[in-house]
Structures are given as C-alpha cells and as structure tokens.
Amino acid sequence: MLTKVQWLYCLDEMERMFPDAHCELVHDNPFELLVATLLSAQCTDVLVNKVTKNLFQKYKKPEDYLAVSIEELQTDIRSIGLYRNKAKNIQALSKQLIELYDGEVPPNRDLLTTFPGVGRKTANVVVSVAFDIPAIAVDTHVERVSKRLGLCRWKDSVLQVEETLMKKTPMELWSKTHHQLIFFGRYHCKAQNPNCPECPLLSVCREGKKRMNKIVAQ
DNA sequence: CTCCCGATAT
DNA sequence: ATATCAGGAG
C-alpha cells in the first residue's frame, strides 16, 4: 500500500506532468455540463464534444429536449453509443429539472443523483466543475490508476476508491487531483500498454514495478 | 451480475 | 478480432 508520503510524492509528480489538467467536456453552463457528462458514459470525451457541438446549438434549455420525439433525440446522439438509454434519461432529467428545480441544475451532489441517468460519478463531475464544490469523481481512469499505484486494493468498489482518495488528499486539491489522475490515466498510465519505463511514479508504483520485473525476466 | 452500444485504438 | 472509452440501472 502507498504511504501518505508516497501519495503526496505522486501528487507532486502529476502536477509536474499535467499542471493544467482540466475538464475536457466542452460546455457553457451547468446544464450543458450535466448533459455532456451523462453522454460521456462508456465513450471518449472527444466523441462527446463532436456530438454536443451540434446538439447544444439545437437544444439550449430542458424544454427543448422535451419538444422533440424520443426518436429524433436518439438520432441526434446516436454516434455516442448507449443512445436509447441516454436519450430517455435526458428527456426524463429535463422533465424533473423543470418540475422540481425551475429548470436550474441544483448545486448539490445528493440531489443530482436523484436524476435519471445521473450516478455518483456524474454528480461529482457537475458539482466539482460547474460549482467549484470539492469532489473526486472516480471514473475508469481514476479507478485504474489508483489500483495500479497501490493507493487502494484491487477489490475496492469505486466508492471505496473515492473515500480513500478523499481521505489521503488535502481537500483544497481534490478537484485538481481528480483531473490530473484522469490526464495521467488517459495519456500516460493507459489501460493498454502503460508507459512504465518512462513513468515518474515508477519508484512507488506497485503494478509498475511488477511489470518492469516481467520485462527484465525476458 | 447483465445489459445498453457506436467509435476508435491496438 | 478484441479491448476500451470521464457509467448507470435493473
């Protein structure tokens, strides 16, 4: 397991690697971020941005998503994948926003998770990015990197990973650390072929040292 | 646990 | 051909 000192070393190195890590989902307001994040499930943000570029010109407010048929909305987001669920969720979410929140996205994680298609990860992204509320959204990259490093156990749930990250990271760094973990996972510690030989975190990484030993043994 | 699902990288 | 992508719901 990583010690507190080793984790703080990782934070320092990731700051060197990705000093300007940020949310890469293009958006102009909390509602657009909510829709973009919902669309991003099991899909790259590059593809989400390609779709939302047109989508956000056509649909500005929750009412706009309810003014079209489900089939039309499906067609507008089809290239994203999982488009039937996502179209249904966007319309149901829009309806709930209008009826209960006057069309405004509530800046509260627990309220956000009551929306259809919005789980803890999506809610954490919205409160953190749109409202500057400290949170650590655990997506596939954050989970993989945390487990490879040995910050948490392989069997841990995403909620346990999030709790460990919050416990071991100073709260004022939560949002920045969250984005740096994503950049690190996306561009360096990739799911396929992680670049361990050139990794600044190799000296403290459980999985990295294991992989390097395998290479040396051959 | 399974299902939803198209686009892209390997 | 297969793995993976800013997951969530049943």
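## Where the DNA meets the protein

Look at the atoms of DNA strand C within 4 Å of the protein: 65% of them belong to sugar or phosphate, and the rest belong to bases. What you're looking at is a predicted model, where local features need pLDDT of at least 70 and side-chain atom pairs count only at pLDDT 80 or more, while totals for chains, interfaces and linings use all residues. Residues are numbered from 1 along each chain as its sequence is written, chains are lettered from A and ligands numbered from 1 in the order in which they are written, and side-chain values use heavy atoms, with hydrogens and water left out.

So who sits around the strand? DNA strand C is surrounded by 29 residues, and the closest are Gly119, Thr122, His141, Arg144 and Ile182. (A residue is near a strand if one of its heavy atoms lies within 4 Å of it.) This surface splits into 11 nonpolar, 11 polar and 7 charged residues. Here Ala, Val, Leu, Ile, Met, Phe, Trp, Tyr, Cys and Pro count as nonpolar, Asp, Glu, Lys and Arg as charged, and the others, Gly among them, as polar.

Three helices, α8 (120–131), α9 (140–149) and α11 (174–187), each supply at least two residues of that surface. Helices are DSSP runs (H or I, at least four residues), numbered from the N terminus.

## Polar contacts with the strand

Now for some polar contacts, meaning pairs of N or O atoms within 3.5 Å. A polar side-chain atom of Thr140 is 3.0 Å from a phosphate oxygen of DNA strand C. Asp45 uses its backbone instead: one of its polar backbone atoms is 3.2 Å from a phosphate oxygen. Lys121 has a side-chain N or O atom 3.4 Å from a sugar or linking oxygen of the strand.

## The largest pocket

A pocket is an open set of points on a 1 Å grid over the protein atoms alone, where a 1.4 Å probe fits, with protein on both sides within 12 Å along at least five of seven lines; lining residues have an atom within 4 Å of a point. The largest pocket has a volume (the space filled by probe spheres set on the points) of about 710 Å³. Its lining has 28 residues, with Ser40, Ala41, Cys43, Lys121 and Asp139 closest to the centre. Helix α11 gives the most to this lining, with 4 residues.

## The second largest pocket

This one holds about 190 Å³ of space. Among its 13 lining residues, Phe31, Pro62, Gly103, Glu104 and Val105 lie nearest the centre.

Technical notes. A polar contact is a pair of N or O atoms within 3.5 Å; within protein, one must be able to donate a hydrogen and the other to accept it, and residues adjacent in sequence count only if both atoms are side-chain atoms.
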